[in-house]
Amino acid sequence: MSVIHVGAAAEPAIAVGMWLPGDSAEPISVRLEMDDTAGQMSLTPDGRDGTKWAYANIRRLADQAGGDHTILHLADDPVQRLIITSKDDMDLIAGRARQLGKRPRLQRPFAMMGWGLAAVGSVVLIITVLIPLLANQLADWLPAEGEKALGDVTLEQIRGALDADGFGGLRICDDPDGIAALTQIQDRLAPHADLPYPLQVTVLDHPMVNAFALPGGHVVFFDGLLQRTQSPEEVAAVFAHEMGHVEHRDATRVALRSAGSVGVLGLLFGDFAGGALLLFASERLIQADYNRTVEADADSYAYRVLLAADLPPSAIATFFERMQGNELNLGIAQHFMSHPELGDRIQAARDATPEDAVFNELLTPDQWASLQQICR
């Protein structure tokens, strides 16, 4: 409570507060005496030396949590604090310290702007250069068990993200005759592949026209792709292409890059860990926009495996040509249809197929029908 003594000559106005001088964490009760002639406020504790605060130098601390007290500090002192709990005492101070709300002037604004731009540039450099380089190295060093675990978790995340009903994840298609037909395609291709781990093939009940690889040997087909293919050879060609991504561990590199990028952004903007990270990585893997070199390597791998399995590489060209005009309607995956060099890929697939070659039958008509009914 403010106390003002009035006599023949006005005595100094008095208030009280709790002072934190900065040399200890314990607040000290102080008597506050206003000296309007000198334009300053004396802070006097019991039993020790006090200090003086110039009115013009007193500031109110911004962003205070509660309204039951006010915290003051000095504009040129980052340590000292003065806590005022009485409204009357605060009014007494505020009537003299007229610059309580004044903000400090920004020092060297152009230097600050330069540092800000440098920080943004550093983040961009980390995400676009350093993380991809590290991801490529880590993909080669990651143990097979760890890679498989990453693929397992990512597959479950994809199932949950694409499940419109939200009950237990997107259904895995498991019709026995359809599985047997798909396994026959896999058995035709696998002996001619050199994969770092066994394949795990999954068909998900979703209309998207897509297939993709996940870390750890996963190859995932959507039922929409099986419905849009017109021959088992087209399925085999897509299968062999995804086996190329498995062989080169492309999906693992994408997942590691995504995790690294999300981790950096999470440090800057908030919590992007856990489920958010997996969801982002899952989306990147479903719509994996591999660069031209990666796609060309997967295509070349597929051509070699298909020819060794007595199957035509031209089947992928047939599939591409038929889908090319329907991309907007069918939502075809980016890593199949979005590249401007798609025409070159179609021609390369045809060039890889020997003229007048005759290939052995892959599936019987009944087996092919079963494969297309795998989700029914």
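These questions and answers go through a predicted model, from the chain to its cores and its cavity.

Visitor: How many helices and strands does the chain have?
Guide: The chain runs to 376 residues, and buried residues make up 42% of them. As for its secondary structure, the count is 14 helices and 10 strands.

Visitor: Among contacts between residues at least 6 apart in sequence, what share joins residues at least 24 apart?
Guide: The question leaves out pairs closer than 6 places in sequence. Of the contacts that remain, those joining residues at least 24 apart make up 64%.

Visitor: What part of the exposed area do carbon and sulfur atoms supply?
Guide: The chain exposes about 19,800 Å² in total. The share from carbon and sulfur atoms is 56%.

Visitor: Which helix gives the most to the largest nonpolar core?
Guide: This core has 50 residues, and Ile185, Leu189, Phe221, Phe239 and Leu371 touch the most other members. The top contributor gives eight residues and spans residues 232–248; it is helix α6. Apart from this core lies another of 21 residues, including Trp19 and Met90.

Visitor: Which residues does leucine 189 touch, not counting those up to four places away in sequence?
Guide: Leu189 is one of the residues that touch the most other members of the largest nonpolar core. With residues up to four places away set aside, its partners are Ala236, Phe239, Ala240, Met243, Val305, Leu306, Ala309 and Leu311.

Visitor: Which element supplies the largest share of the lining of the largest cavity?
Guide: The structure holds one cavity of 30 Å³ or more, and the largest has a volume of about 30 Å³. Two elements give two or more residues to its lining, α6 and α7 (250–269). The largest share, three residues, comes from α7.

Visitor: How many residues of that lining are charged?
Guide: The lining includes Glu147, Tyr197, His245, Arg249 and Asp250. By class, the lining residues divide into five nonpolar and four polar, and the charged ones number three.

Visitor: Is arginine 249 buried or exposed?
Guide: Arginine 249 sits in the loop between α6 and α7 and is among the residues lining the largest cavity. Its relative accessible area is 15%, and the cut-off for burial is under 20%. Because 15% falls under that limit, arginine 249 counts as buried.

Visitor: What distance separates the C-alpha atoms of arginine 249 and leucine 214?
Guide: Both residues line the largest cavity. Along the chain they are 35 residues apart. Their C-alpha atoms are separated by 8.7 Å.

Note on methods:
Residues numbered from 1 in each chain as written. Predicted model: local features only at pLDDT ≥ 70, side-chain atom pairs only at ≥ 80, totals over all residues. Heavy atoms only, no water. Core = buried A, V, L, I, M, F, W, Y, C linked by side-chain atoms within 4.5 Å. Buried < 20%, exposed > 50% of the residue type's maximum accessible area, 1.4 Å probe, protein only. Helix = DSSP H or I, 4+ residues; strand = E, 2+ residues; numbered from the N terminus. Contact = heavy atoms within 4.5 Å. Areas by Shrake-Rupley, 256 points an atom, 1.4 Å probe, with all protein chains shown as cover. 1 Å grid on protein atoms, 1.4 Å probe; cavity = no way out; pocket = protein on both sides within 12 Å on 5 of 7 lines; lining within 4 Å. Points joined across faces, edges and corners; volume = space filled by probe spheres on them. Nonpolar A, V, L, I, M, F, W, Y, C, P; charged D, E, K, R; others polar.
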